[in-house]
Amino acid sequence: MKEAPKFEFMLFRLLRQPGVYWKLLIGGLLSFVPVLNFFAFGYLYRTGSLCRRQAVPVLPDWDNPIGLLRDGFRFTLVWLVCWLIPVLLILLLSCFLNWLHLGALGHCLNAAAMIGFSLFFCAALYRFQRNMDLRDLLDVMLLFRMVQGLLRHLPVAALATFGLVSICWPLYGFAFFFGFLLLILQSFLFLHSVEASAAASRAI
């Protein structure tokens with residue numbers, strides 16, 4: 001199987017692209033503002049779609065606002081179902097554990113949920129972009145197998161993204177935007193390499 005680029009190589013290549021800091025600044029600022037954050041979500045969706053097609057980490061231009069808004073709604077739908085709702089349920093469980101004086105266990109559970117469901121969301125988004133069909137998200141066992149592959153091959157990317165978001169959380173707009181951008185790109189590169197390898201095996 002052709003290996004996906006390592007996290008540090010992908011990050012270095014990403015930061016060398018023309019206009020990258022302006023693109024990240026716009027996305028981070030938009031993520032702070034309700035309603036306008038749909039454009040930032042659309043940009044993340046578009047970035048993942050471009051990475052899926054080209055198999056390289058490329059940041060698109062901030063153009064076609066109507067398209068960005070439409071893609072933002074698609075991103076939000078998958079994000080709500082596959083990330084926000086599960087994470088909120090885990091946070092409620094953590095509060096209950098804290099009430100039982102098991103706060104340390106709750107903190108560990110929160111960290112595991114953040115990492116695990118972030119990868120689950122990336123797998124779900126990759127799957128959804130295949131046919132734009134929400135029914136593809138019903139194959140939960142397939143999504144969990146995709147997450148297992150991501151955890152085995154991308155522990156550095158997952159931990160680095162989680163650490164970055166934790167450190168930068170006071171600037172939550174930038175933390176959210178840049179954190180998910182990195183994780184989506186690295187996850188999509190890996191999943192694309194798995195698909196390409198499977199297609200090559202079938203062709204033999």
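**Exercise 1.** Is Gln17 buried or exposed?

*Solution.* Start with how the model is to be read. The model is predicted, with residues numbered from 1 along each chain as its sequence is written, and side-chain values use heavy atoms, with hydrogens and water left out. Local features need pLDDT of at least 70 and side-chain atom pairs count only at pLDDT 80 or more, while totals for chains, interfaces and linings use all residues.

Step 1: take the cut-offs. Buried means under 20% relative accessible area, exposed means over 50%, and partly exposed is in between (1.4 Å probe, protein chains only).

Step 2: apply them. Gln17 has 17% relative accessibility, so Gln17 counts as buried.

Step 3: place the residue. Gln17 is in the loop between H1 and H2. Helices (H or I, at least four residues) and strands (E, at least two) are DSSP runs, numbered from the N terminus.

Step 4: add a distance. The C-alpha atoms of Gln17 and Arg145 are 33 Å apart, and their positions lie 128 residues apart along the chain as the separation.

**Exercise 2.** Classify Ile66 and Gly173 by accessibility, and state where they are.

*Solution.* Step 1: Ile66 is in helix H4. Its relative accessibility is 61%, so Ile66 counts as exposed. The C-alpha atoms of Ile66 and Phe39 are separated by 8.8 Å, with the two residues 27 apart along the chain.

Step 2: Gly173 is in helix H8. With a relative accessible area of 0%, Gly173 is buried. Its C-alpha atom is 31 Å from that of Asp139, a residue 34 apart along the chain.

**Exercise 3.** Describe the backbone angle phi at Val35 and Met132.

*Solution.* Step 1: recall the background. Most residues other than glycine have a negative phi.

Step 2: Val35 is not a glycine, yet has a positive phi of about 75°. Val35 is in the loop between H2 and H3 and is exposed, with a relative accessible area of 57%.

Step 3: Met132, also a residue other than glycine, has a positive phi near 55°. Met132 is in the loop between H5 and H6 and is partly exposed, at a relative accessible area of 43%.

**Exercise 4.** Which residues of the largest pocket lie nearest its centre?

*Solution.* Step 1: define the term. On a 1 Å grid over the protein atoms alone, a pocket is an open set of points where a 1.4 Å probe fits, with protein on both sides within 12 Å along at least five of seven lines; lining residues have an atom within 4 Å of a point.

Step 2: the largest pocket has 25 lining residues, and Trp83, Met114, Val165, Trp169 and Phe180 lie nearest its centre. Helices H3 (37–54), H4 (65–99), H5 (103–131), H7 (155–167) and H8 (172–203) each give two or more residues to this lining.

Step 3: sort the lining by class. Ala, Val, Leu, Ile, Met, Phe, Trp, Tyr, Cys and Pro count as nonpolar, Asp, Glu, Lys and Arg as charged, and the others, Gly among them, as polar. The lining of the largest pocket has 18 nonpolar, seven polar and no charged residues.

Step 4: turn to the second largest pocket. By class, its lining has seven nonpolar, one polar and five charged residues. H8 supplies the largest share of that lining, five residues.

**Exercise 5.** How is the aromatic pair of Trp79 and Phe176 arranged, and what does the pair tie together?

*Solution.* Step 1: state the rule. Rings of Phe, Tyr and Trp (its six-membered ring) pair if their centres lie within 6.5 Å; planes under 30 degrees apart count as stacked, over 60 as edge-to-face and the rest as tilted. The count by this rule is 20 aromatic pairs.

Step 2: for Trp79 and Phe176 the centres are 5.6 Å apart and the planes are at 90°, an edge-to-face pair.

Step 3: Trp79 belongs to helix H4 and Phe176 to helix H8, so the pair ties together parts that are 97 residues apart in sequence. Both Trp79 and Phe176 are buried.

Step 4: widen the view. Trp79 and Phe176 are in one aromatic cluster whose members include Phe38, Phe121 and Phe180.
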